Amino acid sequence: MVNQKGGCGKTTTAVNTSAALAEMGKRVLLIDLDPQAHATIGLGHDPNFFPRTVYDVLTNAHTRLSDVAVRTGIGRLDLAPCNVLLAGAELELASTQGKELLLARGLRDVREAYDLCVIDCPPALGVLTLNALVSSTDIIVPVQVHYYALEGLRRLLETVAIIRQRFHPCSMDNIGLLLTFVEERTTFSRQVQQQLREIFGDLVFDTVIHRNVRLAEAPSAGEPVLTYASQSKGAADYRALAAEILQTVPSTTEPAEERIRRGIQKQLSAIFQGVWIPKRQRRQKPVEPIRPQSIEST
Ligand SMILES: Nc1ncnc2c1ncn2[C@@H]1O[C@H](COP(=O)(O)OP(=O)(O)OP(=O)(O)O)[C@@H](O)[C@H]1O
Ligand SMILES: [Mg+2]
């Protein structure tokens, strides 16, 4: 879950998608890669309690990811926690050779133990996020339905393109944009949603995450919304997202070149064939302008 923009729903998506995937029978490891430790807290753990965390995995070659992983209240969902010490990793690793590959190395250790690893990134494009991007096969970008969403997205997609050029082999194959804080009843939200779909086409997940107060409450109870408010709209949205992901995540036994591309899956290079630049899109097909006075209602 990556987006350098803060507060767009990365952690909420990481925690609840992981829980939904576990509920559907997958063995999941959620890796908290954000020094704010919100995923750790959101799953009911005290970040300061752990003698070893993801920080040690990145900074000490002798600490394995399996050494730091802990169980959560959700069956089949484990957590690799972190705490504020991880903030120091950015500086400490600055001069380390291969600093972007440390998490990828750590992940090899848990390959057999889990079906899926979900990584919650911090709101920055630093060493931590680079580690996540380099070691991921699929990236999900939560995009708050918001007028300024596109600028940050452009920078993120450019970073992704650079990583794919620079790191070989790079396993990153797919990208999916997830619209969050959606409010179907406001014209503004509908218009931004429509524009993003026009620009990015099938990169956008069919599933959207609606604004739902239960999603905001659940972390204070230290549990995912799936158990906190199982029948809520938020829980239903994240169950739908997990189902959509499982349709699109290729089986690990399929060789990469034979993977069937479905749903959100698309060659990343396709993103940069000009389709997503708003100006060009608007020239080809004018879209209804967004009325700023609608912003209040969001
Ligand atoms: N769909 C939603 N409806 C209502 N509240 C939400 C929703 N998604 C997230 N929130 C709340 O919005 C805030 C920001 O969400 P979250 O922490 O998931 O974003 P983030 O991208 O991880 O932020 P950061 O960049 O700081 O890590 C949190 O208080 C969260 O509980
Ligand atoms: Mg977060």
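Let's start with a single pairing: I139 has I175 as its bridge partner in β6. Before I go on, please keep in mind that this is a predicted model. The two strands here are β5, residues 138-144, and β6, residues 174-180, and they run parallel, joined by seven bridges.

Now stay with β6 for a moment. How many of its residues are buried? Seven of seven, so to speak a full house. If you look at which way they point, N174, G176, L178 and T180 go to one side of β6, while I175, L177 and L179 go to the other, and all of them are buried. I175, the partner of I139, belongs to that second set.

Moving along the chain, let's look at helix α9, residues 187-200. With 14 residues at 1.5 Å each, the helix should span 20 Å, and the C-alpha atoms at its ends are indeed 20 Å apart, so expectation and model agree. The buried residues of α9 are F188, S189, V192, Q195, L196, I199 and F200. Where do they sit around the axis of the helix? Viewed down that axis, they fall within an arc of 130°, so they line one face of α9. Right after the helix comes G201, with a positive phi of about 55°.

Next, the ligand. Ligand 1 is surrounded by 19 residues, and the closest are G6, K10, T11, T12 and P123. Which helix gives the most to this shell? That would be α1, with three residues. Both α1, residues 10-23, and α10, residues 213-217, supply at least two residues each. By character, the shell divides into nine polar, seven nonpolar and three charged residues.

One more residue I'd like to show you is D56, in helix α3, residues 54-59. Is D56 buried or exposed? It has 21 C-beta neighbours inside 10 Å, and the cut-off for buried is 20 or more, so D56 counts as buried. Setting aside neighbours within four places in sequence, D56 is in contact with T63 and V68. There is also L86, 30 residues away along the chain from D56, with 8.6 Å between their C-alpha atoms.

Let me finish with the whole chain. It holds 13 helices and six strands. Of its 298 residues, 44% count as buried. And if you take the contacts between residues at least 6 apart in sequence, 75% of them join residues at least 24 apart. Thanks, everyone!

Notes. Residues numbered from 1 in each chain as written. Chains lettered and ligands numbered in written order. Predicted model: local features only at pLDDT ≥ 70, side-chain atom pairs only at ≥ 80, totals over all residues. Near = placed C-beta within 6 Å. Helix = DSSP H or I, 4+ residues; strand = E, 2+ residues; numbered from the N terminus. Nonpolar A, V, L, I, M, F, W, Y, C, P; charged D, E, K, R; others polar. Expected span 1.5 Å × (residues − 1). Buried ≥ 20, exposed ≤ 12 C-beta atoms within 10 Å, placed from the backbone. Arc of directions from axis to C-beta. Pairing = 2+ DSSP bridges. Contact = placed C-beta atoms within 7 Å.
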